[in-house]
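Me: I'd like to go through this model and ask what stands behind each label. Here it is.

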Amino acid sequence: MRLTVFGATGGVGQEIVKQALAAGHHVTAVVRDPSGYAPAHERLEVFRSDLSDPEQVRKAVAGRDAVLSGLGARRLKDAGITHRLTRTVLAAMEAEGVRRLVVVSAGPLSPALRGQPPLDRLMRAVIGTVLKKIYDDLRVMESDLAASGTDWTSVRPPRLLDKPLTGTYRKVVGGMPRSGRTLARADVAHAMLGALDDPATVRQGVGVAY
């Protein structure tokens, strides 16, 4: 497949690019500064853009089979950036007729499970309070996805770890794995790539966790 990856310099984005190339895909990695980004690869195109120019972003998605986004606020003060940048991506995709989109979101946006252990309920409440601005940003993004004409999937992991790829984790379409508290960024990328060809995930949030 011909894929475009936004947020390609982030922890999840870098893993998407690496795993997609290993799987034989052709990848366009969208970055602000291409200098020194990633080793050369015959199936990798590095596309420079800060996502401020919708017309430029159209060039990054034109003719692609799917788009994956690792965009996200890395600090509380950056809250709000995710939905603003994703709106540019959505507009470019709709203008170019590219339909398939997989984004990374967050586990707390999944519906609360009935019968959750008390510790899980407490952790969800505390984290939701501390990171409220970031989660509000992601909620706006997901609302924009739902209102769009794209075939989107929102992959929702819990706390992210810098651990090697395992390929072994739990997945719940429309929910969240019970007591799922962590997942490696590499496995988030694996789940996002796996969703591309899974019709059950289209226009759905997908909870993923160990």
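Me: What makes Asp-162 exposed or buried here?

Reply: This is a predicted model, and in it Asp-162 has a relative accessibility of 67%. The cut-off for exposed is over 50%, so Asp-162 counts as exposed.

Me: And how do you know that Asp-162 and Arg-185 form a salt bridge?

Reply: Their side chains come to 3.0 Å, N to O. The limit is 4 Å between a Lys or Arg side-chain nitrogen and an Asp or Glu carboxyl oxygen, so the pair qualifies. Asp-162 sits in the loop between strand S7 (159-161) and strand S8 (170-173), while Arg-185 belongs to helix H6 (residues 185-195), so the bridge ties together parts that are 23 residues apart in sequence. Arg-185 is partly exposed, with a relative accessible area of 24%.

Me: What joins Glu-55, Arg-58 and Glu-96 into one network?

Reply: Salt bridges that share partners do that. The structure holds 11 salt bridges.

Me: Why is the contact of Asp-144 with Arg-87 called a salt bridge?

Reply: The closest N and O atoms of Asp-144 and Arg-87 are 2.6 Å apart, and the cut-off is 4 Å, so the name fits. Asp-144 lies in helix H5 (residues 132-147) and Arg-87 in helix H3 (residues 81-96), so this pair links parts that are 57 residues apart in sequence.

Me: Are those two partners buried or partly exposed?

Reply: One of each. Asp-144 has 19% relative accessibility and counts as buried, the cut-off being under 20%. Arg-87 comes out at 42% and is partly exposed.

Me: What about Arg-64 and Glu-45: how do you know that they pair?

Reply: Check the distance again: the closest N and O atoms are 3.1 Å apart, and the rule asks for within 4 Å, so Arg-64 and Glu-45 form a salt bridge. Arg-64 is in the loop between helix H2 (54-61) and strand S4 (66-69), Glu-45 is in strand S3 (residues 44-48), and so the pair connects parts 19 residues apart in sequence. Arg-64 counts as buried at 10% relative accessibility, whereas Glu-45, at 37%, is partly exposed.

Me: What puts the buried residues of H2 on the same side?

Reply: The buried residues of H2 are Val-57, Ala-60 and Val-61. They cover an arc of only 90° around the axis, so they lie on the same side of H2. The general rule behind it: an α-helix has 3.6 residues a turn, so residues three or four places apart point the same way. Here the buried residues of H2 pack against S1, S2, S3, S4 and H3.

Me: Which contact is there at the start of H2, and what makes it a polar contact?

Reply: A side-chain oxygen of Asp-53 reaches to within 3.0 Å of the backbone nitrogen of Glu-55. The limit for such a pair is 3.5 Å, so this one counts. Just after H2, Gly-63 takes a positive phi of about 80°.

Me: Why is S5 called largely enclosed?

Reply: 5 of the 5 residues of S5 are buried, so the rest of the structure largely encloses this strand. Both faces are covered, with Arg-100, Val-102 and Val-104 buried on one side and Leu-101 and Val-103 buried on the other. That split follows a general pattern: in a regular strand the side chains alternate between the two faces of the sheet.

Me: How do you know that S5 pairs with S4 and with S6?

Reply: DSSP has to find at least two bridges. There are 4 bridges from S4 to S5, running parallel, and 5 from S5 to strand S6 (residues 151-156), also parallel, so both pairings pass. Ser-69 has Val-103 as its bridge partner in S5, and Val-102 has Thr-153 in S6. S4, H3 and S5 make a right-handed β-α-β unit.

Me: Last one: why is Ser-110 called buried?

Reply: Ser-110 has 2% relative accessibility, against a cut-off of under 20%, so buried is the right word. Ser-110 is placed in the loop between strand S5 (100-104) and helix H4 (118-130), and its side chain reaches the backbone oxygen of Gly-175 at 3.4 Å.

Notes
Residues numbered from 1 in each chain as written. Predicted model: local features only at pLDDT ≥ 70, side-chain atom pairs only at ≥ 80, totals over all residues. Heavy atoms only, no water. Helix = DSSP H or I, 4+ residues; strand = E, 2+ residues; numbered from the N terminus. Buried < 20%, exposed > 50% of the residue type's maximum accessible area, 1.4 Å probe, protein only. Polar contact = N/O pair within 3.5 Å; in protein donor to acceptor, adjacent residues only side chain to side chain. Arc of directions from axis to C-beta. Contact = heavy atoms within 4.5 Å. Right-handed = clockwise from strand over helix to strand, strands pointing away.
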